Amino acid sequence: FKELNLGGSSASHFSNSSWDNYSNTLTFTATETIAAGDTVELVVETSNEIRLPKMGIAETDFAYFVLKVNSNATGRVSTAFENVQAVGAVRLATLGISPRVVNKYATLTLNVS
């Protein structure tokens, strides 16, 4: 696991954020409640040294990206985003990548509303 430094307007609400290179998993841990209707913006800067894959990311690859939420509010674990009614609703989730250059360090911007 690699500890991450986060930016973005919601960074202060999260701690213990990490990248697991073995499972290719980004983990963000909220340290306080996020109110209904709030938009979460997290930025993983290039200084965290996360690279885009050498083969790039094709539009069809996004079908394999899984967003999950773990919440002690429901007593459940690893609930897929499309099934989070017990903790709220996700209207829109976007992932921005910059620069879009393969095998280069990239800034990832995650917005969830």
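Here are some friendly notes on this predicted model, going from the overall fold to a few individual residues.

1. **Overall make-up.** The protein has nine strands and zero helices. Written out along the sequence, the pattern is therefore β-β-β-β-β-β-β-β-β. Of the contacts with a separation of 6 or more, 49% are between residues 24 or more positions apart.

2. **Surface and burial.** Of the 113 residues in the protein, 25% are buried. The exposed area comes to about 7900 Å², and carbon and sulfur atoms supply 51% of that area.

3. **The three-strand sheet.** One open sheet has the order β1-β3-β4, with antiparallel pairing. Its edge strands are β1 (2-3) and β4 (25-30), each of which pairs on one side only. Two bridges link β1 to β3 in the antiparallel sense. If you would like a residue pair to look at here, lysine 2 has tryptophan 19 in β3 as its bridge partner.

4. **The four-strand sheet.** A second open sheet to look at runs in the order β2-β5-β9-β8, again with antiparallel pairing. Strands β2 (6-7) and β8 stand at its edges with a single partner strand each, so one side of each has no neighbour in the sheet.

5. **Around β9.** Strand β9 (residues 107-112) pairs with strand β5 (residues 40-44) over five bridges, in the antiparallel sense. In that pairing, glutamate 41 stands opposite asparagine 111. Strand β8 (residues 93-98) is joined to β9 by six bridges, and these two strands also run antiparallel. Two pairs are handy for checking the register: isoleucine 97 has leucine 108 in β9 as its bridge partner, and serine 98 stands opposite threonine 107 in β9.

6. **The nonpolar core.** Which residues form the largest nonpolar core? It has eight residues: Leu4, Trp19, Val44, Ile50, Leu52, Ile97, Ala106 and Leu108. As background, nonpolar side chains tend to be buried together in soluble globular proteins. Two of the core members, Ile97 and Leu108, are the bridge partners mentioned in the previous point. Trp19 is also in the core, and tryptophan 19 is the residue of β3 that is bridged to lysine 2.

7. **Alanine 106.** This core residue is a good place to zoom in. Leaving out residues up to four places away in sequence, alanine 106 touches Val44, Glu45, Thr46, Ile50, Leu52, Ile97, Ser98 and Pro99. Val44, Ile50, Leu52 and Ile97 are listed in the core as well.

8. **Aspartate 20.** Is aspartate 20 buried or exposed? Its relative accessibility is 15%, and because the limit for buried is under 20%, aspartate 20 counts as buried. This residue is found in strand β3 (residues 14-20). The side chain of aspartate 20 reaches the backbone nitrogen of tyrosine 22 at 2.9 Å. Beyond its neighbours within four places in sequence, aspartate 20 is in contact with Phe1 and Thr25.

9. **Lysine 104.** For contrast, have a look at the loop between β8 and β9, where lysine 104 is found. Lysine 104 has a relative accessible area of 47% and is partly exposed. Apart from neighbours within four places in sequence, lysine 104 is in contact with Ile50, Arg51 and Leu52. Lysine 104 and lysine 54 are 50 residues apart in sequence, while their C-alpha atoms are 8.5 Å apart in space.

Definitions and conventions:
Residues are numbered from 1 along each chain as its sequence is written. This is a predicted model: local features need pLDDT of at least 70, side-chain atom pairs count only at pLDDT 80 or more; totals for chains, interfaces and linings use all residues. Side-chain values use heavy atoms; hydrogens and water are left out. Buried means under 20% relative accessible area, exposed over 50%, partly exposed in between (1.4 Å probe, protein chains only). A polar contact is a pair of N or O atoms within 3.5 Å; within protein, one must be able to donate a hydrogen and the other to accept it, and residues adjacent in sequence count only if both atoms are side-chain atoms. Contact means heavy atoms within 4.5 Å. Two strands pair if DSSP finds at least two bridges between them. Accessible areas come from the Shrake-Rupley method with a 1.4 Å probe; for residues, only the protein chains shown count as cover. A nonpolar core is a set of buried Ala, Val, Leu, Ile, Met, Phe, Trp, Tyr and Cys residues joined through side-chain atoms within 4.5 Å.
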